[in-house]
Amino acid sequence: MPHFVVDSTRRQSIINGVMKTPVTVTVTGAAGNISYSLLFRIAAGEMLGADQPIVLKLLEITPCLDKLKGVVMELEDCAFPLVQEIVATDDPAVAFKDANWCMLVGSVPRKAGMERKDLLGINGKVFVGQGKAIAENAAPDCKVFVVGNPCNTNCLIALHNATGMPKENFFAMTQLDEYRAKSQLAAKAGVPVAAVTNMVIWGNHSSTQYPDFTNAKINGKPVTDVISDIEWLKGDFIKTVQQRGAAIIQARGASSAASAANAALMTIKNLVTPTPEGDWFSVSSITDGTKYGLPAGIICSQPTRTNADGTHTIVEGLPIDEFSRAKIDATCQELLAERADIKDLL
Ligand code: NAD
Ligand code: LMR
């Protein structure tokens, strides 16, 4: 299998002070649209910190290696001081070797008129091989983050095939949905988006997801104290967030890329940075069947905190009213149905 390595040890010498041990970040679909935004921000230190050296391992399918070569040339031309080495390959064993973070972006995006779960037949099997390759090659405490759609169930497939790896190290992206929800609430309330906190997306990254306005806050107050238009919150707000990906495909002729890259980067930043007191963020992770009535064994978006020691905790005790209960149950049912559809891949 062809692969090429760019050794930039010369750059190490221009980083002053004590060098941290480099972190190996593997990104799949590295010549794709999301990666074209994501890689440069990772390399600039926006994800793991401005003092964290990085080894980038980039995986593509063989026909896209030439395109990937161009991306690597551009990365080189940025002369990012943190980048110690770039490996570009079509061999998963090479790409996942010693990986600390595996960002699984590579997979086909949907077209207008499709639901994300319509991609399971095309994309699902990719995550069988990649799950196995991660278990065989990555660092034992490697964390895996799935962006490729349908990301929750693809993540479940990777988890089941990564024999021996801790289940709690697998995540799928719902941060983009959280940002979409915050942005909609901020616009409606006429406040800066930073005023919106405590927003959790429950369930699946799909048109059944539930952006939970009942537990969200604006300037520290319940959303419903600030936005009195309950019909909007229960109706257009939820629908807009659920359908935002489709609306972008409709408008742009291609699925979200820069905003997806931003959310991917921010998820990992959130997973490595202690969460501000009292807040949480949205990421999908494996359910254990003990919290909020979520069925066990699905990759479900839940309110998550990163602790000072780098571990993660699901925030417990949030009130779930009757309206929220029905929405959460519906999105979990969809995740169970997706799991049933791909049971042969688990
Ligand atoms: P893209 O088509 O531009 O790029 C995907 C890249 O993946 C391509 O270069 C392709 O060659 C590569 N690829 C395909 N199979 C591969 C494999 N087995 N190994 C390695 N690389 C492989 O698509 P994009 O816009 O970058 O989107 C990528 C995925 O992310 C899509 O599935 C899309 O639906 C999804 N997405 C998810 C979210 C989210 O919130 N979870 C948001 C946006 C997009
Ligand atoms: C998104 O939410 O923008 C992505 O999942 C792409 C899509 O298919 O909607």
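Tutor: Strands here are DSSP runs of at least two residues, and helices are DSSP runs of at least four, numbered from the N terminus. The model is predicted. With that definition, Asn198 can be placed in the loop between S8 and strand S9 (200–202).

Student: Why is Asn198 called buried?

Tutor: Its relative accessible area is 4%. The cut-off for buried is under 20%, so Asn198 counts as buried.

Student: What makes the backbone of Asn198 worth a remark?

Tutor: Asn198 has a positive phi of about 55° although it is not a glycine. Ala79 also has a positive phi, of about 50°, and is not a glycine either.

Student: Where is Ala79, and why is it called partly exposed?

Tutor: Ala79 sits in the loop between H3 and S4. Its relative accessibility is 41%. Partly exposed covers the range between 20% and 50%, so Ala79 gets that label.

Student: Why is Ala308 called exposed?

Tutor: Ala308 has 77% relative accessibility. Exposed means over 50%, so the label follows for Ala308. This residue lies in the loop between strand S14 (299–306) and strand S15 (312–314). Its C-alpha atom is 37 Å from that of Asp236, which is 72 residues away along the chain.

Student: What makes strand S4 largely enclosed?

Tutor: S4 covers residues 83–89, and six of its seven residues are buried, so the rest of the structure largely encloses the strand. Helix H7 (residues 151–161) is mostly covered, with ten of its eleven residues buried. Among them are Cys151, Cys155, Leu156, Ile157 and Leu159.

Student: How do you know that S3 and S4 are paired strands?

Tutor: Pairing needs at least two bridges found by DSSP. Strand S3 (residues 54–59) and S4 have six bridges, so the condition is met. The sense is parallel, and Ile54 has Val83 of S4 as its bridge partner. S3 and S4 are also joined with helix H3 (residues 65–78) in a right-handed β-α-β unit.

Student: Why are S8 and S12 called edge strands?

Tutor: The open sheet has the order S8-S11-S12, with antiparallel pairing. Strand S8 (196–197) and strand S12 (221–222) each have a single partner strand, so one side of each has no neighbour in the sheet. S8 is joined to strand S11 (residues 217–218) by two bridges. Since at least two are needed, that number satisfies the pairing rule. Within this pair, Val196 stands opposite Ile218.

Student: What makes the bond from Asn149 to Pro150 notable?

Tutor: This peptide bond is cis, with omega near -5°. Pro150 belongs to the loop between strand S6 (143–146) and H7.

Student: How do you know that Lys117 and Glu334 form a salt bridge?

Tutor: Their closest N and O atoms are 3.1 Å apart. The rule asks for a side-chain nitrogen of Lys or Arg within 4 Å of a carboxyl oxygen of Asp or Glu, so the pair qualifies.

Student: How many salt bridges does the whole structure have, and which parts does the one between Asp51 and Lys20 tie together?

Tutor: The search finds nine. Asp51 and Lys20 have their closest N and O atoms 3.3 Å apart. Asp51 is in the loop between helix H2 (33–43) and S3, while Lys20 is in the loop between helix H1 (9–12) and strand S2 (23–28), so the pair links parts that are 31 residues apart in sequence. Asp51 is partly exposed at 45%, and Lys20 is partly exposed at 38%.

Student: Why is Lys291 called buried, and what is the label of its salt-bridge partner Asp288?

Tutor: Lys291 has 16% relative accessibility, and buried means under 20%, so the label holds. Asp288 has 44% and is partly exposed. The closest N and O atoms of this pair are 2.7 Å apart.

Student: What describes the contact between domain 1 and domain 2?

Tutor: The assignment gives domain 1 (3–172) and domain 2 (175–345). The contact takes 39 residues from domain 1 and 40 residues from domain 2. About 3100 Å² is buried between them, and carbon and sulfur atoms give 67% of that area. The rule finds one salt bridge across this interface. The C-alpha centres of the two domains are 24 Å apart.

Methods
Residues are numbered from 1 along each chain as its sequence is written. Chains are lettered from A and ligands numbered from 1 in the order in which they are written. This is a predicted model: local features need pLDDT of at least 70, side-chain atom pairs count only at pLDDT 80 or more; totals for chains, interfaces and linings use all residues. Side-chain values use heavy atoms; hydrogens and water are left out. Buried means under 20% relative accessible area, exposed over 50%, partly exposed in between (1.4 Å probe, protein chains only). A crossover is right-handed if, with the strands pointing away from the viewer, the path from the first strand over the helix to the second runs clockwise. Domain bounds come from an automatic or database domain assignment. Contact means heavy atoms within 4.5 Å. Buried area is the accessible area (1.4 Å probe) that two parts lose on being put together, summed over both.
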